[in-house]
Amino acid sequence: MYRFEVNVLDINDNAPTFQSSISQINISELAFSGERFSLPIADDVDVAINSVRSYKLSQNEYFSIDVHSGGDTAELVLQKPLDREKLPLIQLTLTALDGGKPPRSGTTKILVNVIDVNDNIPVFTKALYKAQISENVPPGTSVVTVQAHDLDEGINGEIMYAIVNQGGSNKMNVFTINSLTGEITVTGELDHETSAAIEIRVKATDRGQNPRAAFCKVLVEIVDVNDNIPQISVTSLEDVIQEDSPVGTMVGLITVKDNDAGKNGAVNLKIKGSVPFKIENTYKNKYSLMVDGLLDRETTPIYNVTITATDEGTPPLSSTSVITVRVSDVNDNAPQFPEPIINVYVKENTPVGSVLHTVSAFDPDVDNNAQIVYSLVDNSFKSAASVVNINSVTGDIHALQSFNFEEMKTFQFQVQASDSGVPPRKSNATVNVFILDDNDNSPAILPPYSEHGSVNSENIPYTAEAGYFVAKIRAVDADSGYNALLSYQISEPKGNNLFRIGTSSGEIRTKRRMSDNDLKTHPLVILVSDHGEPALSATVSIDVAVVESSGKLQTKFRHVPVKDDTFSVLNFYLLIAIVSVSVIFLLSLVSLILVKCHKTNNNFSSYSAPVITTHPDGSWSYSKSTQQYDVCFSSDTLKSDVVVFPAPFPPADAELISISEGDTFTRTQTLPNKEKPKAPNADWRYSASLRAGMQSSVHMEESSVMQGAQGVLVQNWPTVSSAADGEGGEVSPPVGAGVDSNSWHFRYGPQGPQHLKPGEMPPEAFIIPGSPAIISIRQGQDGDDKGDFITFGKKEEAKKKKKKKKEKKDKREKGKDDDD
């Protein structure tokens, strides 16, 4: 066995290694430059030259490396003071190198932790903090949060906050601060009106061994809230002003105050409602209350002026103040009557001194301005002072005389109401006094039966038919209305069955025909009564005599006295009016006739309008070209003229008929007749019972109109016929016809001629009432109207009477012969 040593030669096959890949070194920031700090050592399993020979440090500004001889150890040398606040951690790389070729290396990281010291004071983020907060916020409301920083770490960097109370001001008591967070909150009541802004001093302190502190300011602005209402105060006031004060009159001074700021303190004043006042700003918060319209104490004696002050805050606040202004009276109103025209109705025969009416006026003024005195106006009704009197205080109108409706129906006067103001004001009212009728007048019988002590008698024929007209009683009553409404009745003999009287017309007529048992004379007592309360009446006696022959009947004419009225101013004015109207009418009529004539001449050159005349002896002419005639009678004389007015122009077949003095008939054919009109029925007449009524008529209307168609003559007024229905024709007076009514109704009968009854006139004749004239119309044979003629005068009347007498005598003789 051999023993030998083998030397293994090392090769650099291993690199240096450190025990830890990361190594930490703690160095205080207060370390001085040049201080050394040990570094970790690297291991290399290789030997000799291949082992660790040197170290190398990464590049930095704070440290360098110092390698010992042999290269197996190294130290870290501080080159520059450290500042933890700038660089709290420094990372270095340490590299170990061996001596092999090529060399191998190993690395480790060196973390240098800079140890802090309390070398920094706290620093606030702001030197001055500003915050706004509204007043009246509740406690606990956050205002602002202050913040400070300390670059130190640990307890050196922990900060505590506090409010520094300077001078012991109570303003600081409304705030508090959180010592850890620095939040400032409200703990009391904030009022902008007390302090608009508050300055707070805050202190920040760290917790180092030697604490270091810093300070800042917090300016809290208290924002105004509209929490104060405006205040209105009246510094000067005229509480009573006259109602005639002009516009612009100052009533009072007003001051407005609002403790808020800005718009919250800007106040606007206005008057609520519609009142005659206005507000004007005089200086800043000073205002004037002035009159801005017409004042009327009678409408509004007291004005409660409501003034509203409103600020411009959000929401706005307002306040109101009521200023009472009293308006004093001036005499600016005249007394007023309820109606400008007062109608008073008074019964006649009112006792003297009785109160007719009480006038009352109202004056809206007060005191003396409303004290009214009543009086009669001097320029009113001339005799007012002698008729009535007025109480100046009460306004009672007293009668100074008894009134008579028949003498004075109404009168008028004026009443004046005057107040006691200065100057006084007056107003007038017209009083119309109407006298009411009282039934104090009895009916008065009119002529011809009104003569006292005279014997009134009427004759009727024995042959009078039922409904024969005997007489007409006329009466008047000076009263009016129902007091003058008259009714007629036969009071004696009671139960009379021969006569009847119209209750309203007063016409006495027979009820039936006469008999041999009837008396020859019938005394009648007619009672005329009014409708008053109590009713008044008058009586008239009439003896009705029955005569054998109608020839013995005579119409009695009595002269009716005419009352001469004194020609007054009213009559003069009336006469002027009548004359003016008549002139205008005549001018219009003449113009119309000229126009008509001009037109007619163009068509009928040879025709001239008929001229109709009336002669004193009764002759007259008329035209048959029309069937309408105007017949006019005179009412003052016994002999009446008759005038017939034809139509303006006759038709083409017209005939002109004229009657002259000789009672002869002539007819002139003016234009050719194309066709002859048929002859009218000759049997037209009037009832014999009507003749006496016509003969007893005294007065007649000044004009009446009779219309005639073919075979018919008709008067326009309504009539009551006394003839039987079977008779061939009728003549009757109008309803209510009396002394002043003379319109008659003539009608041709549809049948042929009838025999006359005793007392009747032949059908070709009729009597004009109020005139002895008789108009007779006769026709020739076979209806030939060429035989027509009209007679007018007393001769024809005498002939007719003789003929009737003869006929009556012949009838009686014939009756005797039959008895034999």
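The following questions and answers concern a predicted model and the grounds on which its features are named.

Q: Why is Arg84 called buried or exposed?
A: Buried means under 20% relative accessible area. Arg84 has 7% relative accessibility, and therefore counts as buried.

Q: What makes the contact between Arg84 and Glu85 a salt bridge?
A: A salt bridge requires a side-chain nitrogen of Lys or Arg within 4 Å of a carboxyl oxygen of Asp or Glu. In the pair Arg84 and Glu85, the closest N and O atoms are 3.7 Å apart, so the criterion is met.

Q: How is Glu85 classed, buried or exposed?
A: The relative accessible area of Glu85 is 18%. The limit for buried is under 20%, so Glu85 is classed as buried.

Q: What makes the pair Arg84 and Glu153 a link between parts of the chain?
A: The side chains of Arg84 and Glu153 meet in a salt bridge, at 3.4 Å from N to O. Arg84 lies in the loop between β5 and β6, and Glu153 in the loop between β11 (148-149) and β12; the pair therefore ties together parts that are 69 residues apart in sequence. Glu153 has a relative accessible area of 41%, which lies between the limits of 20% and 50%, so Glu153 is partly exposed.

Q: Which residues are joined with Arg84 into one network?
A: Salt bridges that share partners join Arg84, Glu85, Asp116 and Glu153 into one network. The structure as a whole holds 15 salt bridges.

Q: How do you know that Lys80 and Glu61 form a salt bridge, and what does the pair tie together?
A: The closest N and O atoms of Lys80 and Glu61 are 3.1 Å apart, and the cut-off is within 4 Å, so the pair qualifies. Lys80 is in the loop between β5 (74-78) and β6 (89-98), while Glu61 is in the loop between β3 and β4 (63-67), so the pair ties together parts that are 19 residues apart in sequence. Lys80 itself, at 38% relative accessibility, counts as partly exposed.

Q: What makes β1 and β3 the edge strands of their sheet?
A: The open sheet has 4 strands in the order β1-β7-β6-β3, with mixed pairing. Within it, β1 (22-28) and β3 (52-57) each pair on one side only. The twist averages 25 degrees from one strand to the next.

Q: How do you know that β1 and β7 are paired?
A: Two strands pair if at least two bridges are found between them. Strands β1 and β7 (residues 105-115) run parallel and are joined by 7 bridges, so they satisfy the criterion. One of the bridge partnerships is that of Asn26 with Asn113 in β7.

Q: Which strands form the edges of the sheet β18-β24-β23-β20?
A: The pairing in this open sheet of 4 strands is mixed. Its edge strands are β18 (240-242) and β20 (267-272), each of which pairs on one side only. The twist averages 35 degrees from one strand to the next.

Q: What makes β23 and β24 a pair?
A: Strand β23 (residues 302-311) and strand β24 (residues 318-328) pair in the antiparallel sense over 9 bridges. The requirement is at least two bridges, so the two strands count as paired. Ala309 has Ser319, in β24, as its bridge partner.

Q: Which residues touch the most other members of the largest nonpolar core?
A: This core has 27 residues, of which Phe124, Val146, Phe175, Ile184 and Val202 touch the most other members. Elements that give two or more residues to the core include β9 (128-134), β15 (197-206) and β16 (213-223). The largest share, 5 residues, comes from β16.

Q: Why is Phe585 called exposed or buried?
A: Exposed means over 50% relative accessible area. Phe585, in helix α2 (residues 569-603), has a value of 52%, so Phe585 is exposed. Together with Leu586, Leu589, Leu592 and Ile593, Phe585 makes a nonpolar surface patch of about 470 Å².

Q: How are Glu339 and Ala464 classed?
A: Glu339, in the loop between β24 and β25 (341-347), has a relative accessible area of 48% and is therefore partly exposed. Ala464, in the loop between β33 (456-461) and β34 (469-472), has a value of 3%; this is under 20%, so Ala464 is buried.

Methods. Residues numbered from 1 in each chain as written. Predicted model: local features only at pLDDT ≥ 70, side-chain atom pairs only at ≥ 80, totals over all residues. Heavy atoms only, no water. Axes fitted to C-alpha atoms, helices over the stretch in contact; angles between N-to-C directions. Patch = residues over 30% accessible without salt bridge, like charges linked within 9 Å, V, L, I, M, F, W, Y side chains within 5 Å. Areas by Shrake-Rupley, 256 points an atom, 1.4 Å probe, with all protein chains shown as cover. Buried < 20%, exposed > 50% of the residue type's maximum accessible area, 1.4 Å probe, protein only. Core = buried A, V, L, I, M, F, W, Y, C linked by side-chain atoms within 4.5 Å.
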